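Reader: I'd like to zoom in on one small spot and then work outwards from there. Could you walk me through it in plain words?

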Protein chains: 2
Amino acid sequence: MQTTTECLTLGDLPALARGCAVLGTGGGGNVETGTLTAAKAIAEYGEVPLIPLSEVPDDGLILPLSGIGAPTVAHEMPMSGEEPVLIRDEVERLLGRPVAAVMASEIGGSNGVGPVAWAARLGLPLVDADGMGRAFPEVQMVAMYIADRPLDIVVLADVQGNVIALRPVDAMWSERIGRAVCVACGGSALMADYVLTAAQARGAVIEGSVSSALAIGRAVREGAEPVAGLCETLGATVLLHGKVIDVDRWTTGGFVRGSLVVDGTGEHQGRLLRVEIQNENLIAFEDGRLRASVPDLITVVDQKTADAISTESLRYGQRVSVLSWPCDPIWRTERGLATVGPRAFGYDIDYTPVEELAHA
Amino acid sequence: MQTTTECLTLGDLPALARGCAVLGTGGGGNVETGTLTAAKAIAEYGEVPLIPLSEVPDDGLILPLSGIGAPTVAHEMPMSGEEPVLIRDEVERLLGRPVAAVMASEIGGSNGVGPVAWAARLGLPLVDADGMGRAFPEVQMVAMYIADRPLDIVVLADVQGNVIALRPVDAMWSERIGRAVCVACGGSALMADYVLTAAQARGAVIEGSVSSALAIGRAVREGAEPVAGLCETLGATVLLHGKVIDVDRWTTGGFVRGSLVVDGTGEHQGRLLRVEIQNENLIAFEDGRLRASVPDLITVVDQKTADAISTESLRYGQRVSVLSWPCDPIWRTERGLATVGPRAFGYDIDYTPVEELAHA
């Protein structure tokens, strides 16, 4: 049997970035910075092999990486580029064995593109998987937590070169201490959490998410009807085609909160859709009726190009399509919904899968 | 040649606590909590061998420990007792070798008594040395920093069981990140910094400080003239015998600030002494004339018992003696004074040794 390893090249980055933006559901940070960093790293250190989880041997160590902190800070204070090296070295010292591959903790937004840069810098392959299948704001909102995998160590490194290794008693303490460290480091840092062997990762991560982001990103640019093509790739429902007529948005407690109102146009003339935002697009209502909710994905795209529009780029008058599609099944388990369902974000709403709501 | 190792016993604790209170120069936290914890640990784990630094082999690893955070929190949220084990295990994992002995980072106040408990819990000897020879408020204010020893790792553990290991780029970042971690952990934690081999520790720590605290504590209880006896043991000058007539004290930015005015009595009738406070007693003036300043030690003691009175216990009407005596020579070096001289605390004053001021 012969396996041909696919490599992520410079040419793949635009599609990957577009796909990660769609999976970011409005949040997850600006994909531009991540794309530039990844392009520079590929040019300097070479292309990055993309391998399925099944190709990592059972005892191979997987390093899930993500940026932590305010995306606005990450945008203005770029990383030094050495953070992944500092983290990898510390993880290997603490666990006494080499890291076999890098993984994205979060495929949505800039954290979906960054791992290409980090894997290139480390000369390691990137596992075709991630911890969310989308974007979420907190450390414990990952599939590895839902699958109850051990959170033995969390390692952070900052642009100054500080390295911080936590052995938290649980994921909540990891979020609390990691967040405080990130703020003390200037508001942005690189983080590894849920370092796992491939055996532990199986069944506890979302597989195929890098390929999926690439396919989504390519769909955005294909065909005469980009939005229709994207919907087909995603298996998405169009909640509404329309015009942005109201954007209410403020920053509080380290999060962006607000709402968006879209006024139907064309075949959707006369209908109004309201989307509730907390960093990501969380819930969509039409005339008080639930159309879609977290953990299912809700993304606002440009009606013409099908490019995702992030929360901070929403403007009055934009012609958009609001899409929604089913999340990974792990989020629909009891523990999944307790962690990232509507109530976990403060909404007194029962979760109903978007495909059921579409048929209602 | 035969060496008989001295052991710290339950019976030594009251004298040690009194001595540490004197060396706390008003700050360093309440010695009561530390004494109770040490008594419990000795009862449970046995007496603690006190060994001179010269008895630790060159490559023996020394673990300097201290509580970090607000003393008020430490008083209300006692440690679990397992923090030293968590820290020792993490240090040994990170450095790949066993810890040989515990050392006090700070001999002044509760952090001078706590190491007896921590060494007992670990079944390790306590080195007769510390990092200050007194009390100071910040992480970089230790002799090891002045002697430019490497600060490779800083490890913290909290009452919940969280363990945090830092590899800071310098001592200032260690203070910043360590302080943020301490706050996230609830305001109090145990910390190891400047983990050194005995070879690195030689010339970079203040030797004999535990014996010295014991001798001082015993002097407090001896003779018909406790204050005179204490002065002789310390080599201290009496700045003033008198009555507390004004205490101005407030908590700001994590520090206690204020001042104290003592009105001379007896042979000192008609004289006034003002002591400036920032956690510790920092500077003493008489009629605008400098009488003593940091890093030399200034302690307020009870005129009758010679017991040290901490900053937070100062009250109107107390009959006190204000004593001052020379600090360890390491603090009088250029780097020492830059780190803990009057200007490091915001006073625009040149340092003059207390013994020169006494003869002026």
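Where does B:Pro295 lie?

Author: Keep in mind that this is a predicted model. In it, B:Pro295 sits in the loop between strand S15 (289–293) and strand S16 (297–302) of chain B. What catches the eye there is the backbone: the peptide bond that joins B:Val294 and B:Pro295 is cis, with omega at about 5°. Chain A has a cis bond as well, from A:Val294 to A:Pro295, with omega near 5°. A:Pro295 is placed in the loop between S15 and S16 of chain A.

Staying in chain B for a moment, there are two more backbone details to check. B:Asp287 belongs to the loop between S14 and S15 of chain B, and its phi is near 50°, a positive value in a residue other than glycine. B:Asp287 has 9 C-beta neighbours inside 10 Å, so it counts as exposed. Then there's B:Asn279, in the loop between strand S13 (272–278) and strand S14 (280–286) of chain B. B:Asn279 isn't a glycine either, yet its phi is positive, about 65°. Here the surroundings are crowded: 25 other C-beta atoms lie within 10 Å of B:Asn279, which means that it is buried.

To see what kind of sheet such strands belong to, hop over to chain A. Seven strands form an open sheet there, in the order S15-S14-S13-S12-S11-S17-S16, with antiparallel pairing. Its edge strands are S15 (289–293) and S16 (297–302) of chain A, each of which pairs on one side only. That puts A:Pro295 in the loop between the two edge strands. Ignoring direction, neighbouring strands of the sheet are turned by 35° against each other on average. At the S16 edge, S16(A) pairs with strand S17 (residues 319–325) of chain A through six bridges, in the antiparallel sense. A:Leu297, for instance, has A:Trp325 in S17(A) as its bridge partner. Helix H10 (residues 226–234) of chain A packs on this sheet, where it touches strand S11 (237–252), S16 and S17 of chain A. The direction of H10 makes about 10° with that of S17(A).

H10 is a handy way out of the sheet. One of its residues is A:Thr233, which is buried because 20 other C-beta atoms lie within 10 Å, and 20 is just enough for that label. Leaving out residues up to four places away in sequence, A:Thr233 touches A:Ala215, A:Ile216 and A:Ala219. A:Ile216 also shows up in helix H9 of chain A, among the residues that meet helix H1 of chain A. The axes of H1 (residues 13–23) and H9 (residues 209–220) in chain A come within 7 Å and cross at roughly 100°. H1(A) and H9(A) are therefore roughly perpendicular to each other. Residues taking part in that contact include A:Leu16, A:Cys20 and A:Leu23 from H1(A), with A:Leu214 and A:Val220 from H9(A). By class, the contact of H1(A) with H9(A) has 10 nonpolar, two polar and two charged residues.

Now the wider layout of chain A. The domain assignment splits it into domain 1 (6–209) and domain 2 (225–359), and their centres, taken over C-alpha atoms, are 26 Å apart. Domain 1 of chain A brings 20 residues to the contact and domain 2 brings 22. On the domain 1 side, H1 and helix H6 (143–146) of chain A each supply at least two residues. That side divides into 11 nonpolar, seven polar and two charged residues.

Strand S5 (residues 126–130) of chain A is mostly covered, with five of its five residues buried. Two parallel bridges join S5(A) to strand S2 (residues 48–51) of chain A, and A:Ile51 stands opposite A:Val127 in S5(A). Strand S4 (residues 99–104) of chain A also pairs with S5(A) in the parallel sense, over two bridges.

Last stop, the two chains together. Here 20 residues of chain B are in contact with 20 residues of chain A. Helix H4 (83–95), strand S7 (163–167) and helix H7 (171–184) of chain B each give two or more residues to that side, and H7(B) gives the most, with seven. The chain B side has 14 nonpolar, three polar and three charged residues. Strand S7 (residues 163–167) of chain A runs antiparallel to S7(B), and five bridges join them. In one of those pairings, A:Arg167 has B:Val163 as its bridge partner.

Note on methods
Residues numbered from 1 in each chain as written. Chains lettered and ligands numbered in written order. Predicted model: local features only at pLDDT ≥ 70, side-chain atom pairs only at ≥ 80, totals over all residues. Contact = placed C-beta atoms within 7 Å. Helix = DSSP H or I, 4+ residues; strand = E, 2+ residues; numbered from the N terminus. Nonpolar A, V, L, I, M, F, W, Y, C, P; charged D, E, K, R; others polar. Pairing = 2+ DSSP bridges. Axes fitted to C-alpha atoms, helices over the stretch in contact; angles between N-to-C directions. Parallel < 35°, antiparallel > 145°, perpendicular 65-115°, else oblique. Domains from an automatic or database assignment. Buried ≥ 20, exposed ≤ 12 C-beta atoms within 10 Å, placed from the backbone.
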